[in-house]
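Work through the exercises below with the sequence and the structure side by side. Each task is followed by a solution in steps.

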Amino acid sequence: MSTDKKKKKENIPLIEDDDAIDESVPALYTGDLTPNNNNTVQPIALMRLGLFVPTLKGTKNSKRNNSNQIDASKELVQLEVARSEGYSDIKITGPRLDMDHDFKTWVGVVRSLAEFGEASGRVELSITKFAKFCGYPSSQIRKTLRDRITNSLLKIMRTTLSFQRTYEEKNVDGSNKISLLMVHLINSVDYNEKNDTVIFHAEPKLAELYRFDHKVLLQLKVINKLPRKETAQALYTFIESLPTRPAPISLARLRARLNLNSTSVSSQNQTIRNGLKSLQELGYLDYSEIKRGRSVFIHIHGRNPKLKPPGEEKPAKPAGKEEPLSPEKSELEMVKQNMINKIAELSKDLTPDNIKLIEILSNGLKLL
């Protein structure tokens, strides 16, 4: 649906910031998923944070090596490492991680952990296999690409998570006493071209993060079909991690997620609009814009991660001549609607049992 079509004002909630996102209904894919050649499984929390962002290469605003700090308190406070010690102030600090190379390398890290990870967090595999896990074809495994992979591994290793707790007790200078835990996203990398091996160690304290209960299944072909369009890639990882029926999202929220470098808000908004248009042209996203006062919101009507092959769109049916559903299809639609209604009902009281039922129903919808 085109963004320039005028929409009637709808009485729907709008997302101004992180606190307004309704996370009571999980994204469609949850539970035990395994990454493969066609998709990657990522923690929803990391996809909603501005960890992997566009770099705006080739412009005066390019700041690849600048440090980046993200407040991840809301998204990661439920981790066992945070809950057990009462950490409530959680930050991710490190270099800006781009979508073009760093995210692909992180995809390789996640899949390597899933297929070769030991209980200690140690992973060993061939460089060729790791590059394939990152999404690079074997024909591209040359020196230039190997350098890109090692540079991305270094940047990921330099990314630090800090967990802080503040006590009521005071220091001599009057400041509150704190306890602080600092860990790397991955601990060490041993890269050996002579042996054709790469060995890295995941941080054991973050084991829960690597296999988060609430995960999002990202189709790699969506990312691969957007070469050099890092804004569109980053928007895809964020939008796909949203609940099944997300409320409209403000452009301010998207600017914060992408952490764009331009000082001009209008320029950032145009960059976001271009990224959304690319996702629409690809066949992934159906959306429109809503204006409330001086704020602009993106209303997501539909997402199609598997994409429609060109030319396969069904022609529009004449008005008033809708084909009646068969008894089997009609019954299936009724079952799906009942499941959606049940999820909405359970979301009003998020007890552990209800959360489990929501996950089961969401998986059932995926199968249907």
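**Exercise 1.** Classify Arg 273 as buried, partly exposed or exposed, and do likewise for its salt-bridge partner Glu 289.

Solution. The model is a predicted one.
- Step 1: the relative accessible area of Arg 273 is 28%. Buried would require under 20% and exposed over 50%, so Arg 273 is partly exposed.
- Step 2: Glu 289 has a relative accessible area of 22%, and it is therefore partly exposed.
- Step 3: the two side chains meet in a salt bridge, with 2.7 Å from N to O.
- Step 4: Arg 273 belongs to helix α11 (residues 265–282) and Glu 289 to strand β13 (residues 285–292), so the bridge ties together parts 16 residues apart in sequence.

**Exercise 2.** Which residues are joined with Glu 118 into one network by salt bridges that share partners?

Solution.
- Step 1: Arg 122 forms a salt bridge with Glu 118, and their closest N and O atoms are 3.1 Å apart.
- Step 2: the network consists of Glu 118, Arg 122 and Glu 124.
- Step 3: Arg 122 has 23% relative accessibility and therefore counts as partly exposed. With a relative accessible area of 40%, Glu 118 is partly exposed.

**Exercise 3.** Find where the salt-bridge partners Lys 155 and Asp 102 lie in the chain, and decide whether they are buried or exposed.

Solution.
- Step 1: the closest N and O atoms of Lys 155 and Asp 102 are 2.6 Å apart, and the pair forms a salt bridge.
- Step 2: Lys 155 sits in helix α6 (residues 143–157) and Asp 102 in helix α4 (residues 102–116); the pair, 53 residues apart, links distant parts of the chain.
- Step 3: both residues are buried.
- Step 4: by the cut-off of 4 Å between side-chain nitrogen and carboxyl oxygen, the count comes to 7 salt bridges.

**Exercise 4.** Why can the buried residues of helix α10 be said to line one face of the helix?

Solution.
- Step 1: helix α10 covers residues 251–258, and its buried residues include Leu 251, Arg 253, Leu 254, Arg 257 and Leu 258.
- Step 2: viewed down the axis of α10, the buried residues fall within an arc of 155°, so they line one face.
- Step 3: the elements covering these buried residues include α1 (44–48), β2 (52–53), α9 (230–240), β12 (249–250), α11 and β14 (295–303).
- Step 4: just after α10 comes Asn 259, with a positive phi of about 50°.

Methods. Residues numbered from 1 in each chain as written. Predicted model: local features only at pLDDT ≥ 70, side-chain atom pairs only at ≥ 80, totals over all residues. Heavy atoms only, no water. Helix = DSSP H or I, 4+ residues; strand = E, 2+ residues; numbered from the N terminus. Buried < 20%, exposed > 50% of the residue type's maximum accessible area, 1.4 Å probe, protein only. Arc of directions from axis to C-beta. Contact = heavy atoms within 4.5 Å.
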